[in-house]
Amino acid sequence: MTSLDWWRTSAVYQVYIRSFADGNGDGTGDVEGLRSKLPYLADLGVDAIWINPWYPSPLLDGGYDVADYRDINPAFGTLVQAEHMITEAHELGIRILVDLVPNHCSWDHAWFTAALDAGPGSPERARFHFRDSLDGPPNNWQSVFGGPAWTQVDDGQWYLHLFDPSQPDLDWTHSEVREEFASILRFWLDRGADGFRVDVAHGMAKDPSYPDLADHVQILSSAKMPNHPHWDRDEVHDINRQWRAVLNEYDDRMMVAEAWVSEESLPKYLRSDEYHQSFSFDLLMAEWNAEAYRSTIAGVYDPANALGAASTWVLSNHDVMRHTTRFGLPADVSWRTWPVTGPVDALDSALGERRARAAALITLGLPGSSYIYQGEELGLPEVWELPWDVLDDPVARRSEGTQKGRDGCRVPIPWTSQGASYGFGDGDAWLPQPERFAAYAADQQIGVAGSFHSLYRDALRIRREHFTADAAMTWIDSDPGVLAYERGSGVRCVANMGSTPVPMPAGDVLLTSQPDLTDALPSDTAVWLWPT
Ligand code: GLC
């Protein structure tokens, strides 16, 4: 395998910078905080870090509202600090992926303020989707966060925002928009970024006739509708190819798409002149049973493998409920609404944690890249009980009380069981941490046999030794409740996702998801082993 292929097998750790580590004690995570934790990440054994948006931003959507793509938010630090951090990460063998947000910018971006000042018909407005409309919004498109996707400005025109009103969509048919982003890519590549996670990679192209949508469907399913007027249109692939050409000017760089598209469509994003990878979110949605996992994994692996692309595995990220909590909820309870509707006692936290540990072995053993969301290696639960008055997410703001949104998975990391904000910083954190975080703190887990942290650290080490030589995998026939596969090296992962124990498979055990497993593999446990 050449060094160009590092991304095929990487374990990528996702840093939600605002909540990772606070270096200056102001309650907000920052670049210096991240820099101070690089040795921790190197010791954990990750290959790369993806950093959520760190640009100047009014933070009306956690930084996905970018005011300047070529700088660092002063609340997070400076460009010089970021450059030092990238250098230090590289010295520790860790690559850096920057979050690129091309579908929209912030309403504080210089282009948008110029567009507002310049007025209807101006060249400044042509970089966005401004439209005239006398009776209400120009069409019935809905914002992903709820409410109309159009907002009216003082002179009467409307602008399109598929997300929050503070995130005006850019018009990607405009040559200046394309040139600007090619230049932004080079800006970060020149500063040592090893690649990009591309936000809403299926959204940039819009039907120029802006037709009404037949029905109002939610983001996930709407992305799967054929010839959708704003998701997954063919023109997006030209943009992908333009960016890939820029990356190809450099050695060793990669880009991964956040594309919520159908299984049939996804391979197009993975053609050799487009993305190196695309996230697959299917496991996030899969029910906890062997059959669902098997078909979901095959649905991701088979097409990617056929194209020579690498699969990706994601259990949690900054947009969904943390999976230790998700796995503890009954299958018929929606995790999106449960924090509002309850019932509270539907949650079985111990079950969720067992399953999360087994899921770590299932996913880290698979071919391809695994993405680990900060705190996942500590088994952190969702802070679903955050009170409404501290919530910051536009999803909560715009949901009219029906959804608490995504702050529950963005609560600052507990590094120590004692002290202000559990070692996140010197004072209170920007979101309150619950008392139960003390028990999950990194200092309670590092070096402790049987801890979540030890499981992840061991798993990442064994993964590097035995799971990354090639992308081959075969399914092993097994009991209905059991998921079992073998990798090219001959090493196996066997997970009992059923409700009764099964005999421990014969072999030399490398790692088990629960301590002290000998004769039996109980429900919700997994093992890595060399079969004998
Ligand atoms: C992506 C991000 C999400 C953000 C949205 C708009 O889905 O992951 O956090 O709100 O794009 O940029």
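Start with everything selected and color by burial: buried residues make up 61% of the 532 residues in the protein. Keep in mind as you click around that this is a predicted model.

Next, switch to cartoon view. You'll be looking at 17 helices and 18 strands.

Now strip the display down to the C-alpha trace and line it up with its principal axes. The trace spans about 75 × 50 × 50 Å along them. How does the radius of gyration fit a compact globule? For 532 residues, a compact globule would come out near 24 Å, and the protein has 23 Å, so the two agree.

Turn on contacts, keeping those with a separation of 6 or more. Of these, 67% are accounted for by residues 24 or more positions apart.

Put the surface on and color by element. The accessible surface comes to about 19700 Å², and carbon and sulfur atoms hold 49% of that area.

Select the charges next. There are 40 positive and 78 negative ones in the protein. Drop a marker at the mean position of each set and you'll find the two markers 3 Å apart.

Last stop: the cysteines. How many disulfides are there? The count comes to zero, with a pair of cysteine sulfur atoms needing to lie within 2.5 Å to qualify. Zoom in on Cys105: is this residue buried or exposed? Cys105 counts as buried because its relative accessibility is 1%, and the cut-off for buried is under 20%. Then hop over to Cys409, which has 0% relative accessibility and therefore counts as buried too.

Methods: Residues numbered from 1 in each chain as written. Predicted model: local features only at pLDDT ≥ 70, side-chain atom pairs only at ≥ 80, totals over all residues. Heavy atoms only, no water. Helix = DSSP H or I, 4+ residues; strand = E, 2+ residues; numbered from the N terminus. Rg over C-alpha atoms; globule rule 2.2 N^0.38 Å. Buried < 20%, exposed > 50% of the residue type's maximum accessible area, 1.4 Å probe, protein only. Contact = heavy atoms within 4.5 Å. Areas by Shrake-Rupley, 256 points an atom, 1.4 Å probe, with all protein chains shown as cover. Lys, Arg positive; Asp, Glu negative; His and termini not counted. Charge placed at Lys NZ, Arg CZ, Asp CG, Glu CD.
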